[in-house]
Amino acid sequence: MKKWILLFLPLCFLTCTKENQMIQTEECTSDVFANSAEHPLNEEFQELLEKYVVAGLPSVAMLVWTPEHGLWTGTEGYANIEEKQVLQNCNLFHSASLAKTYFAALSMKLQEEGYLQIDEPIKSYLSADLLEGIANSETVTIKQLMNHTSGIPDFYTLEHLMDYFDDLTMELTTEEMLRYIKGKRALFEAGTESFYCNTNYVLLALLLDEVVPNKTHADLFSDYIVQGLNLSDTYYKNESNYPSPAGKVNSYLDFKGNKELQNTTILETRFADMNIGHDAIIATPYDYFRFFEALVHGKFISSTSFEAMNEFTYYTRKGYEHIGQGAGLEITDSAIFPDRIGHFGATLGAGNAMLYYPEKDVIIVLC
């Protein structure tokens with residue numbers, strides 16, 4: 001979600017709803033992390049988390065994995081500020097755009113099994129009626145959706161967000177969301193530039209609905225990711241109690257910019273429930289790690305497929321010359337920052353990162 005959007009959210013939030021936003025965060029337990037206190041950097045990591053909570057974050061969870069020392073995970077702050085419920089390692093967080101990495105990887109898995117080819121145009125899979133009025137839809141390939149080189153406009157427009165925040169109880173269908181881009185001009189010719197766009201992954205999810213007989217993209221997510229990787233604390237559309245599984249944290253946002261947090265849990269929950277592909281996963285930091293570790297270490301897709309996900313287009317904006325988009329991955333390649341592969345996510349009170357540093361084989365997850 002773009003920063004300029006937040007400029008008009010305070011007025012909308014404070015005037016459009018009087019609804020109690022809080023949900024009760026249920027207690028959870030896990031012994032997976034019992035050895036974190038023995039990690040050689042335990043004190044430094046925990047002090048880092050405390051620093052950011054003191055600075056204003058309601059809570060933060062961090063997981064670090066290295067070949068030398070294995071897994072460390074820790075938390076600081078509250079899962080529910082109003083009830084003073086302390087954040088635990090087993091609490092769950094909204095994914096925001098981390099979901100894009102999941103669906104890009106799932107697409108590569110389906111290519112390996114012969115269900116699709118990412119270099120084929122999306123019109124080979126999606127109906128003409130659905131694509132009618134969508135710029136570049138005659139030429140865009142699946143890969144160009146995945147690496148944000150489609151040139152298709154983003155449905156996150158000011159018009160869309162004004163409509164949404166005018167009625168916070170509104171539930172848009174996918175078709176209704178796509179109406180915000182139909183008839184709009186392409187941003188550029190497909191394949192010539194890179195522009196981060198949520199619409200790409202909405203279309204990718206709709207495409208995945210069509211590739212395996214009698215299976216939706218949510219079915220495939222459950223089959224290949226939740227069950228295939230045995231992720232018992234990962235939820236998408238099919239999993240029981242979605243979109244409010246036990247242990248989910250409350251979401252908070254500083255709407256006014258005055259360090260006073262508003263509880264946005266109900267908004268976040270509704271937003272996830274009506275979006276597909278680009279958002280809407282809920283998981284523990286440990287489950288985010290388990291998926292990402294399986295991806296980068298060749299346990300989910302082949303090394304060849306993962307290398308294909310890492311083929312990317314550099315951003316053309318000044319100051320971003322060493323950052324680009326892969327297929328569901330943001331990649332940094334510069335002398336300023338360490339080489340890094342991963343994804344960030346941010347929405348109405350949720351912020352996340354899954355990061356892999358290949359030179360040192362280090363994985364970091366932040367929620």
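The protein exposes an accessible surface of about 16,300 Å² (Shrake-Rupley method, 1.4 Å probe; for residues, only the protein chains shown count as cover), and 50% of that surface belongs to carbon and sulfur atoms. The model is a predicted one, in which local features need pLDDT of at least 70 and side-chain atom pairs count only at pLDDT 80 or more, while totals for chains, interfaces and linings use all residues. Residues are numbered from 1 along each chain as its sequence is written, and side-chain values use heavy atoms, with hydrogens and water left out.

Of the 367 residues, 57% count as buried (under 20% relative accessible area, 1.4 Å probe, protein chains only). The protein has twelve helices and 14 strands (DSSP runs numbered from the N terminus: H or I of at least four residues for helices, E of at least two for strands). Among contacts (heavy atoms within 4.5 Å) with a separation of 6 or more, 67% join residues 24 or more positions apart.

Helix H9 (residues 217-227) is a good place to look inside. Eight of its eleven residues are buried, so the helix is largely enclosed by the rest of the structure. The buried residues are His 217, Ala 218, Leu 220, Phe 221, Ser 222, Tyr 224, Ile 225 and Val 226. Their cover includes helices H3 (99-112), H8 (199-208) and H11 (285-296), together with strand S5 (234-235).

Strand S5 also belongs to an open, antiparallel sheet of three strands, ordered S4-S8-S5. S4 (93-94) and S5 are the edge strands, each pairing on one side only. S4 and S8 (residues 282-283) pair in the antiparallel sense over two bridges (pairing requires at least two DSSP bridges). His 94 has Ile 282 of S8 as its bridge partner.

Technical notes:
Buried means under 20% relative accessible area, exposed over 50%, partly exposed in between (1.4 Å probe, protein chains only).
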